[in-house]
Amino acid sequence: MSSASALRARGDDKELARWRESMDRMRNIGISAHIDSGKTTLTERVLYYTGRIHEIHEVRGRDGVGAKMDSMDLEREKGITIQSAATYCTWNGYQINIIDTPGHVDFTVEVERALRVLDGAILVLCSVGGVQSQSITVDRQMKRYEIPRVAFINKLDRMGADPWKVLNQARAKLRHQSAAVQVPIGLEEEFEGLVDLVELKALKFEGGSGQEVVTSDVPSNMQDFVMDKRRELIEVVSEVDDQLAEAFLNDEPITANELKAAIRRATVARKFIPVYMGSAFKNKGVQPLLNGVLDYLPCPLEVENIALDQNKSEEKVSLSGTPAGPLVALAFKLEEGRFGQLTYLRIYEGVIRKGDFIQNVNTGKKIKVPRLVRMHSNEMEDIQEAHAGQIVAVFGVDCSSGDTFTDGSVKYTMTSMHVAEPVMSLAVNPISKDSGGQFSKALNRFQREDPTFRVGLDPESGQTIISGMGELHLDIYVERIRREYKVHKQLVQGHTWFP
């Protein structure tokens, strides 16, 4: 008898209903884009409007603080995201777990492992730069893991902003079946707000930080343009949704609720991508995007997750995704913290509790969970338990990235993520022999944390060879060895770069 059946047999229908409602009100999303498209700025605004932070700080840290999700000193100095960071917030009674990912291609494994465990994503596009090289890469990664997504065309306040050019590029280059669900009121310096094409309402963002969303009627000079774009939205969704197509072909009036339901069905089925617009930096358009995440992206129960049963020759098993089942959790990211190894887990089924014994299916070891936390960038909140659909972290659990944990009643493993092969190598050696121990410790740690970072030995020169995804990737690790492990002065003897 399954755990869910056992719950029903004991008359725990109320408990099952409570679990289901909790999971219906949960979204696990990632924010991905080409470098410098505004992902971390967008996440900062999301955290501010949801009350997780009480002051907005900018990415480059000119005020000495920097964005919440860029907690590493190097990230704040360079103004780029190097490591993916997890957080959570609450919006309109829904819990949203967010992973902010790097945009630079050298850190592509951070995007890869985040998308492996998420149920939905926001693809951020720059209204000036349009669809760029890394936009194509992250979109390909989203397709690989079958992630439903919404798009957000950012930076409408910038000189040369053209959201319609970007939308056409997404259709041509990314093969997106997409349409705008909003149109901007003005562009560049005249960007004032947005018109919601589903509800046919104008939205303006007032207050010191755009926290007050003021709705009004559509401006009279935009009526024709707005109706054209709404008709285009209905046509594009009708191509992939039979219910809406029937109403559209019969010339029936389509209500906001009918259109919203059709967009949700098509988005969850990965047949359509709704396109939002705004300027995160100017605090415009973020709250409607959050509403779009709730309206159109799936909850954990609407996503099919497949495990491999090791007792039955890796037979595929569809996980129910409910807390009533046996525990199945995937370790998707490792990080060396102040208190030892921090292991990020995505729970696919069942419940994990502090003090429980869990089994690493890949090694067969049983481990006790000494500490269970929820992450808010580099801050931690201790919790007693977590259930299916949640993203948490545990301390003191020795494992590798990609290991699966269960409660011991089943022997399931989750499919691993795609790891690209290194493309560049560098010969490194510490100048001082005294720092050799710290040097080795650093290399071992970084190899465990990052599957695309490899270490070898040149048999001829005796030099240590580090390999990674590009020059910036290896430069960052060299700098981290200097800073975090106090391997001072010159670390690299004669930068020997070779492909």
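This report describes the sheet, the nonpolar cores, one enclosed helix and the aromatic pairs of a predicted model.

## The open sheet

The model contains an open sheet of 7 strands, arranged in the order 2-3-1-4-5-11-6, with mixed pairing. Strand 2 (85-91) and strand 6 (178-180) are the edge strands, and each of them pairs on one side only. From one strand to the next, the twist averages 25 degrees.

Three of the pairings in this part of the chain are set out below.

| Strands | Sense | Bridges |
|---|---|---|
| Strand 1 (residues 26-33) and strand 4 | parallel | 5 bridges |
| Strand 4 and strand 5 | parallel | 6 bridges |
| Strand 5 (residues 149-154) and strand 11 (residues 273-277) | parallel | 3 bridges |

Individual residues can be matched across these pairings. Ala33 stands opposite Val124 in strand 4. Cys126 stands opposite Asn154 in strand 5. Phe152 has Tyr276 in strand 11 as its bridge partner.

Strand 4 covers residues 120-126, and 7 of its 7 residues are buried. Which residues lie on each side of strand 4? One side holds Gly120, Ile122, Val124 and Cys126, while the other holds Ala121, Leu123 and Leu125. Both faces are covered, as the residues on either side are all buried.

## The nonpolar cores

A general tendency is useful here: in soluble globular proteins, nonpolar side chains tend to be buried together. In this model, the largest nonpolar core has 79 residues. Leu42, Ile96, Ile122, Leu233 and Ile263 are the residues with the most contacts inside it. Helix 11 (residues 286-296) gives the most to this core, with 6 residues. Apart from this core lies another one of 22 residues, among them Val117, Val317, Phe332 and Tyr344.

Ile122 belongs to strand 4, where it is buried on the side that also holds Val124. What does Ile122 touch, leaving aside its neighbours within four places in sequence? Its contacts are Ile29, Gly30, Ile31, Ser32, Leu42, Met142, Val150, Phe152, Leu289 and Val293. One of these contacts, Leu42, is also listed among the buried residues of helix 3.

## Helix 3

Why is helix 3 (residues 39-49) described as largely enclosed by the rest of the structure? The description follows because 11 of the 11 residues of helix 3 are buried. The buried residues include Lys39, Glu44 and Arg45 as well as Leu42, Val46 and Leu47. Just after helix 3, Gly51 takes a positive phi of about 85 degrees.

Tyr48 and Tyr49 are also among the buried residues of helix 3. For Tyr49, the relative accessible area is 12%, and the residue counts as buried because the cut-off is under 20%.

## Aromatic pairs

A pair of aromatic rings is described by the distance of the centres and the angle of the planes. The model has 6 aromatic pairs. One of them joins Tyr48 and Tyr49, with 5.6 Å centre to centre and 65 degrees between the planes. This pair is edge-to-face, because its angle is over 60 degrees.

Phe446 and Tyr477 form an aromatic pair that is tilted, with 4.8 Å centre to centre and 45 degrees between the planes. This pair links distant parts of the chain: Phe446 lies in helix 12 (residues 436-449) and Tyr477 in helix 13 (residues 471-484), 31 residues apart. Are these two residues buried or exposed? Phe446 is buried, at 0% relative accessibility, and Tyr477 is buried as well, with a relative accessible area of 8%. Together with Phe453, Phe446 and Tyr477 form one aromatic cluster.

## A hairpin and the cysteines

Strand 26 (residues 454-457) and strand 27 (residues 464-468) run antiparallel and are joined by 4 bridges. Leu457 stands opposite Thr464 in strand 27. The hairpin of these strands has 6 residues between them, and Gly462 takes a positive phi near 75 degrees there.

How many disulfides does the model have? The count comes to 0 disulfides. Among the cysteines, Cys89 is buried with a relative accessible area of 0%, and Cys399 is buried with a relative accessible area of 4%. Cys126 in strand 4 is buried too.

Technical notes:
Residues are numbered from 1 along each chain as its sequence is written. This is a predicted model: local features need pLDDT of at least 70, side-chain atom pairs count only at pLDDT 80 or more; totals for chains, interfaces and linings use all residues. Side-chain values use heavy atoms; hydrogens and water are left out. A disulfide is a pair of cysteine sulfur atoms within 2.5 Å. Buried means under 20% relative accessible area, exposed over 50%, partly exposed in between (1.4 Å probe, protein chains only). A nonpolar core is a set of buried Ala, Val, Leu, Ile, Met, Phe, Trp, Tyr and Cys residues joined through side-chain atoms within 4.5 Å. Helices (H or I, at least four residues) and strands (E, at least two) are DSSP runs, numbered from the N terminus. Contact means heavy atoms within 4.5 Å. Two strands pair if DSSP finds at least two bridges between them. Axes are lines fitted to C-alpha atoms, for helices over the stretch in contact, and angles run from 0 to 180 degrees between N-to-C directions. Rings of Phe, Tyr and Trp (its six-membered ring) pair if their centres lie within 6.5 Å; planes under 30 degrees apart count as stacked, over 60 as edge-to-face and the rest as tilted.
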